[in-house]
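Biologist: I'd like to learn how to read the interfaces in a multi-chain model. Could you walk me through one?

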Amino acid sequence: MTHPLSLTINGESYTLLVEPYCSLLDMLRDELQLTGTKKGCDEGDCGACTVLMNGKTVTSCMVLALDARDKEITTVEGLRQGNTLHPVQAAFVQYGGVQCGFCTPGLIMSGVGLLLENPRPTEEEVRFAIGGNLCRCTGYAKVVQAILKAAETMQAQAS
Amino acid sequence: MNRFEYREAQTVQEAVEMMRQEEGARIVAGATDVLIRWRQGAWKPRYVLNIKRIKGLDEVSYSPDSGLSLGTLATIRTLERHPHIQEHYPALAQAATAFAGVQIRNLATVGGNVCNASPAGDTLPALLAYGAECRIAGPEGERLVPLEQFCLGPGQTALQPAELLVALRLPPPPPRAGALYIKHSPRSTMDIATVGVASVISLAAQPGVCQEVKIALGAVAPTVVRATAAEALLRGQSVDTERLQQAAQAAAQTANPIDDIRGTAAHRRAVVAPLVQRTLHYAVQMAQGSRLPFQMQRGLAVEAVF
Amino acid sequence: MPDSKVLGQNYPRVDAADKVSGRSQYASDVYLPGMLMCKVLQSPKPHARILHIDTSRAQHLPGVRAVITGRDVPDARFGNGAVKDKRLFALDKVRYIGEPVAAVAAVDEITALEALDLIDVTYEDLPAVTDPIAALRPDAPLVHEDLPFYEGYKPNMQGNICTVLDADRGDVDAAFAQADHIFADTFHSQGINQGYLEAMACVANVDPSGRINVWTSTQAPYQIRATLAEVIARPMSRIRIIPMELGGGFGAKLRLCVEAYPVLLSLHTGKPVKLIATREETFTLSGFRLPTIVYLKTGVRSDGTIVAREAISIFDMGAHLGAGVQSGVSHTLGPYNIPNYRMRSYAVYTNKIWAGSYRASGVADVTFAVESHTDIIARRLGLDPWEFRKLNAFNEGDLALQGGKIPRNGLHETMDAVKQHLGWPRTAKAGTGVGLAMCQWRSGSGPSTASISLLEDGTVSLLTGSVDISGTDTVFAQIAAETLGMDMSDVVIARRDTDLAPFTGPSGGSRIIYSQGKAVQMAATDARDKLMALAAAHLDVQPGMLTCANGRVFVTETPERGYTLGQLARMSLTSAAGPIMGTASLSAMPFAPIFSTQAAEVAVDQETGKVRVVRFVQAQDVGVAINPMAVEGQIDGGAVQGIGRAITEEVVIKDGKILNPSLTTYLMPMAVDVPSIENILVQVPTDDGPFGARAVAEPPGFGPPAAIANAIEDAVGVRIKELPLSAEKILQALHGELPASTELDHDLLQQLRGANGPG
């Protein structure tokens, strides 16, 4: 039996009907075709499905859609401002942090989530912050570099 | 994967009443364990009962007199970053930082981890070593159960039908206390513990003498267990290296591990003593006043630093 | 690269902006109206006869639109390689846990899963053989009792032997007799999953004209098309494969895997059908690397010169021919000049899922053996491990295994670079150590095509059929821009599918830059020649007096006399030769080796056995780094894959059942588990690659297991010959309790030694 669900995604309000067993991830992808968020394992182990829920990074495969009621979700699609990439997105592009791209949205959301809590992370802090995001292509070095560079950019923009 | 139904409770009483009236509930908080087991086909609840909307169940409060109160819905991330927990119950913050990854910590709750009652649950050794007590609400009202008597076996707790865990209470920390949790696992993130050890020690006013100690072992028995023989060797004694080693050896005798995908019984047994020794060593240092930065504590907890 | 605006520049990937925005389309992102979801029923048994399949209950479940089994598909076998030993569905018997038995299309996934539970299959158990040594025994149950009737069968495939390869040179027994020292070791490598983050996914839709459209996650669209045509008995021209953005494959997606099921169900139902594999199905529906045993025997002179090697390798192949056995004859010498050798390599059938491809399959296993053995020999002889390797390493002009001579290459430069960068020898503090390993591979060849069209505004459109995995599209754009003297931003990579782009080989085996990139360079050169010819005619000069640069073709001596590329494009529309298009087609490229030297610095916790890699250095000869950032990214990733193989990854299979088909229990390195890799790009250009480039991607994964095993011995004095190098094994070794790794018994070695098969 479906239940009604109202929530905010990337600043827009949505009301829809979902099954109780539908995850937030499946709702975003299958019901709303917000396919930027990826499914890598469906058991919380890879971080490909990471979104921000009320400003905190969560693996959306581990969230019941109904549990997101009245919450604010940010997905990777919500980071761009028009044609301008978010500094974390831009840094991933510039510093070679993207290869196959499947882990990328989740990694970027983890990076964004980190910088919301800690605008000046050390390399070690970056690695621990993305410790729940599996990447099989990059070996992480350029990803870590990109997040550190994005932090610099955002600090410079803030001052 | 069955098609379960969904209910929400707005108060504890409502949750209890719902469970009393309708069978087949599975309480869902963080949802992390529930969704995994459901997708594997291991759990087929008739309905899930979401308790996350119950106000006040996520509160964390501390006072030097009454100790720490953890609402069942307090997230593992909260445990990791809460200044009072870092300061006064460091083994719990270390266990939280060793728990899965940030995303899961933002969802998973301490109550969920306790009620899941996995022998390897990361918060359990620290909670046990800090003498945690469980506050349970049910049809008959509330009752208190020491954590030791709450986890009865893998996946089994002392919760009766229609009961739910609402809070954990940890006694106030004594002076001159220190603690370390180490999780032994192949990686430094995300893994379920192959062996987990938490040692909490407080020193007497007399220098170098142990006032009180609790050593809890995870993933080496059907539940998390206290190494009571090891503790007895230390209580009231001077905490020199040799004594810590003896205690560590005694603790290894307490372990009763099995072979599973994460490790053999032999390996688990082989690492208990070194991990007990190491956690005691650093706990004593902290008790003697050394301030270990959180990064260092984390490095030790996840074996990123030897 | 002097005077180049484009070569050697760190251009961001041309697809990166879409990927970071979440706009890139992977196969699972395709949604079509009326789409059904497909799930596959898999065998729960490792070896059993199928007595009866009853799908009636499943067919009657509301929401189910079709259920198919082996009865509903053409009776055709296909294969991953030379032998056609596979079917889409098990017919008379199942040969591994996970083998497809039926498939369902339903309105959603949960209904499809409920339908699977309603399909009744009656099995009769057969004895299963799940160990390759047991499978080699004369009385072993046969995985394929009809093997002699399969297309591709050869008489040396006796019993459960799937493939036998051999290579000999000189007189190895005489050389052993004359050697001053002989060393023999046996090494065991574990089952490894490729770990691609995007599980297999595919959408199939048959349109009203009967054309079959397949949007899929694949490395090899043309190969998929060919195999699909064969197994569903339809002409290739009726099948269109649209390769979507690829979320990793590493070899797993080189061949037909799951595409046939949605295709067949779409044919049955007339609706689009989608299949998305679960993470568990990346272990049970698609093959991965299975365990390997490598026996090495080496004869050396007292001065350290290697004079003879014998290598006998056994590859557990699972239930169908897969990948890897070749490495037992191509890589068991290592990058060393050994005059006398005897190599035997066996692939053996067992009742498990087939041994799939993973980045130069088998070479990592063999390199673990070879480079561990190399260190063991050096230490026993009292020689420095670096010096011992230097003494024996290939030089230009030495005989190459594949015939001919080793061309100019940077192997020695990579050795020197690591020594210099790391400092060698290193005195390290207690519990830490350093170990070396050398890797070798070859730049991939194979049919490649490219075409470049000039647009009227002076931009170009580049069309190739190859799937972009490693950023090759970006490098192609650089190659085209450099050749045509244009800006990168004026090169557009055309969208591709098998209808639009001409045939090309798969994206794998380190093939794309070297071969496909060469085709791009040739096509761009062809286009440039045509531009110059057109300009020369209009300017009334010889083409040799013109320069093509900065978006123009102009007279070198008088630059103001010339045309922009846009002008030439418009002029070409009415020229005698017609609109300008450059094309190229090639089938084989000359041998261009890839060499790298790696060094791992580790810290070992002597109380728990845990090992951490604290530094990892690698120097690789990349020929010419057209895009250094892309090259580094590739070799970073490969090295970390190798570290995972070395320490934490293992697919655990017991009696044919995979015990850890999940990321909770199959453990790949995360960001906190590895250091930043230190890369040194050595550049010794090839004669034939585009601008001298070599292939890059695969070698970095070969060396880490041996480098780390060698570093552990350096650190704490224990030698482990079985992967992974777990805390348990290290602690056991430190306590003197490590069980001796299984050696191959004397009789078996004798049997396997005989050329062309046993006996």
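Modeller: We'll take chain A, then its two interfaces, then the domains of chains B and C. First, the ground rules: this is a predicted model, where local features need pLDDT of at least 70 and side-chain atom pairs count only at pLDDT 80 or more, while totals for chains, interfaces and linings use all residues. Residues are numbered from 1 along each chain as its sequence is written, chains are lettered from A and ligands numbered from 1 in the order in which they are written, and side-chain values use heavy atoms, with hydrogens and water left out.

Biologist: What pattern does chain A follow along the sequence?

Modeller: Helices (H or I, at least four residues) and strands (E, at least two) are DSSP runs, numbered from the N terminus. Chain A has five helices and five strands, in the order β-β-α-β-β-β-α-α-α-α. Its radius of gyration is 15 Å, close to the 15 Å that the globule rule gives for 159 residues, so chain A is as compact as a globular protein of that length. That radius is taken over C-alpha atoms, and the globule rule is 2.2 Å times the number of residues to the power 0.38. The C-alpha atoms fill a box of roughly 50 × 35 × 25 Å along the principal axes.

Biologist: Now the interface with chain B. How many residues of chain A are in contact with chain B?

Modeller: Contact means heavy atoms within 4.5 Å. Here 34 residues of chain A meet 33 residues of chain B. Next comes buried area, the accessible area (1.4 Å probe) that two parts lose on being put together, summed over both. For chains A and B that's about 2800 Å², with 52% of it on carbon and sulfur atoms. On the chain A side, A:Tyr21, A:Met62 and A:Phe128 lose the most area to chain B, together 25% of what that side buries.

Biologist: And how many salt bridges are there between chain A and chain B?

Modeller: The rule asks for a side-chain nitrogen of Lys or Arg within 4 Å of a carboxyl oxygen of Asp or Glu. It gives six between chain A and chain B; one of them joins B:Arg39 to A:Asp42 at 3.4 Å, N to O. For polar contacts, you want a pair of N or O atoms within 3.5 Å; within protein, one must be able to donate a hydrogen and the other to accept it, and residues adjacent in sequence count only if both atoms are side-chain atoms. That yields 17 residue pairs between chain A and chain B (both at pLDDT 80 or more). The elements of chain A giving two or more residues to this side are strands S3 (50-53) and S4 (56-59), plus helices H3 (104-117) and H4 (123-129).

Biologist: What about chain C against chain A?

Modeller: Same reading. Each chain puts 48 residues into the contact, and about 3900 Å² is buried between them, 57% of it on carbon and sulfur atoms. C:Val20, C:Tyr31 and C:Leu197 supply 19% of the area chain C buries there, more than any other three residues. There are four salt bridges between these chains, including C:Glu632 with A:Lys142, where the closest N and O atoms are 2.8 Å apart. Polar contacts come to 29 residue pairs.

Biologist: Which helix supplies the largest share of the chain C side?

Modeller: H16(C), with eight residues. Helix H1 (16-21) and helix H16 (628-647) of chain C each supply at least two residues to that side.

Biologist: Can I read domains within a chain in the same way?

Modeller: Yes, with bounds from an automatic or database domain assignment. In chain B they are domain 1 (5-50), domain 2 (60-170) and domain 3 (177-304). The C-alpha centres of domains 1 and 2 of chain B lie 19 Å apart. Those two domains bury about 910 Å², 74% of it on carbon and sulfur atoms, with zero salt bridges and one residue pair in polar contact.

Biologist: And in chain C, what separates the centres of domain 1 and domain 3?

Modeller: 40 Å, taken over C-alpha atoms. In this contact, 15 residues of domain 1 of chain C meet 15 of domain 3 of chain C. The buried area is about 1300 Å², and the rule finds three salt bridges between these domains.
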